[in-house]
Amino acid sequence: LAAGTLARDRFQGYIVQDALYLAEYSRVLALAGARGPDAAVLRTFAESALEAVAVEQILHERYMKDFGIDPSAPAEPSPDCLGYTSYLLATAYHEPWEVLIAALLPCFWLYWDVGNAISRVAAPNSPYRAWIDTYADEGFGEAVKAVIAVTDKAAAGTTEAVRRKMATAFLRSSQWEWL
C-alpha cells in the first residue's frame with residue numbers, strides 16, 4: 001500500500017467491502033451515540049458517524065470511479081465483512097454501552113495507527129495515497145482521540161466485569177479488522 005505496489009484487484013476488492021462495512025458501521029456509531037450517557041457523547045458519535053459517511057464515501061467513490069465500478073451497483077458482503085458488521089450490530093443491541101464503544105474503537109484506532117505509520121514511508125506517487133492521507137489526517141486523529149477518551153472514561157466508571165467484557169470486545173473487533 002505504501003509503496004504503491006499492492007495489486008489493484010486486491011485493493012479494489014477491499015474498497016468494495018469497506019464501502020459495505022461503512023454503511024453498517026455508521027449505523028452502529030449512531031446507535032452508540034444514542035445509547036450514550038450524555039449529549040457530549042451523543043455529539044461525539046453522531047459527528048463520527050457523519051464524518052465516516054461523508055469522508056469515507058468520497059474516498060470510496062473516488063476509487064470506485066478509478067476502478068470503473070458504479071458505487072450504486074449492488075454488491076454482496078464477504079463472509080468477513082458480514083461477520084464483523086453482524087458482530088457490531090449484535091453488540092449494539094445486546095451488550096452494555098461501554099462494551100459497544102470498546103467494540104467500535106479498533107476501527108478508529110487501527111486505521112489511524114496504520115495511516116500514520118505508512119504515511120511516513122509512502123511513495124508520493126502511490127495510487128493509494130488518498131487512502132493513506134485520509135487515515136493519517138489530523139482531523140481523523142482528533143476523532144480517534146475523542147473516542148479513546150470516551151472509552152477510557154466509560155471504563156473508569158464501570159465495573160470490573162464490564163471492563164473485562166470491554167477488553168474482550170476490543171480484542172474481537174481487532175481480530176475482525178485483521179480479517
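The paragraphs below lead through this predicted model, from the whole chain to a few single residues.

Local features are described only at pLDDT of at least 70 and side-chain atom pairs only at pLDDT 80 or more, while totals for chains, interfaces and linings use all residues. Residues are numbered from 1 along each chain as its sequence is written, and side-chain values use heavy atoms, with hydrogens and water left out.

Start with the secondary structure. The chain has seven helices and zero strands, and its pattern along the sequence reads α-α-α-α-α-α-α. Here helices (H or I, at least four residues) and strands (E, at least two) are DSSP runs, numbered from the N terminus.

Next comes the overall form. The C-alpha trace spans about 50 × 35 × 25 Å along its principal axes. The radius of gyration is taken over C-alpha atoms, and the globule rule is 2.2 Å times the number of residues to the power 0.38. For 179 residues a compact globule would have a value near 16 Å, and the chain agrees because it has 16 Å.

The surface can be described in a similar way. About 9400 Å² of the chain is exposed, and carbon and sulfur atoms supply 60% of that area. Such areas come from the Shrake-Rupley method with a 1.4 Å probe, and for residues only the protein chains shown count as cover. Of the 179 residues, 43% count as buried. Buried means under 20% relative accessible area, exposed means over 50%, and partly exposed lies in between (1.4 Å probe, protein chains only).

The chain carries 15 positive and 22 negative charges, and the mean positions of these two sets are 4 Å apart. Lys and Arg count as positive and Asp and Glu as negative, while His and the chain ends are not counted. The place of a charge is NZ of Lys, CZ of Arg, CG of Asp or CD of Glu.

Contacts show how the chain folds back on itself. Contact means heavy atoms within 4.5 Å. Among contacts between residues at least 6 apart in sequence, 78% join residues at least 24 apart.

Asp18 and Glu56 give an example. Asp18 lies in helix H1 (residues 8-35), and Glu56 lies in helix H2 (residues 39-67). Asp18 counts as buried because its relative accessibility is 6%; Glu56 is also buried, with a relative accessible area of 13%. Leaving out residues up to four places away in sequence, Asp18 touches Glu56, His60, Tyr111 and Tyr135. With neighbours within four places left aside, Glu56 is in contact with Asp18, Leu22, Glu51 and Tyr135. Tyr135 therefore appears in the contacts of both Asp18 and Glu56. The C-alpha atoms of Asp18 and Cys81 are 63 residues apart along the chain but separated by 7.9 Å.

Helix H4 (residues 97-119) includes Ser119, and Phe108 is also in helix H4. Phe108 has 5% relative accessibility and so counts as buried. Beyond its neighbours within four places in sequence, Phe108 is in contact with Tyr25, Leu29, Ser48, Phe140, Val144 and Val147. The C-alpha atoms of Phe108 and Tyr135 are separated by 9.0 Å, with their positions 27 residues apart along the chain.

Ser119 counts as buried because its relative accessibility is 18%. Apart from neighbours within four places in sequence, Ser119 is in contact with Arg129, Ile132 and Ala136. A polar atom of the Ser119 side chain lies 3.1 Å from the backbone oxygen of Asn116. A polar contact is a pair of N or O atoms within 3.5 Å; within protein, one must be able to donate a hydrogen and the other to accept it, and residues adjacent in sequence count only if both atoms are side-chain atoms.

Ser174, in helix H7 (residues 160-178), also has a side chain that reaches a backbone oxygen, that of Phe170, at 2.9 Å. Not counting residues up to four places away, Ser174 touches Pro106 and Leu110.

Last comes Leu82 in helix H3 (residues 79-94). Leu82 is partly exposed because its relative accessible area is 45%. The C-alpha atoms of Leu82 and Glu98 are 16 residues apart along the chain and separated by 23 Å.
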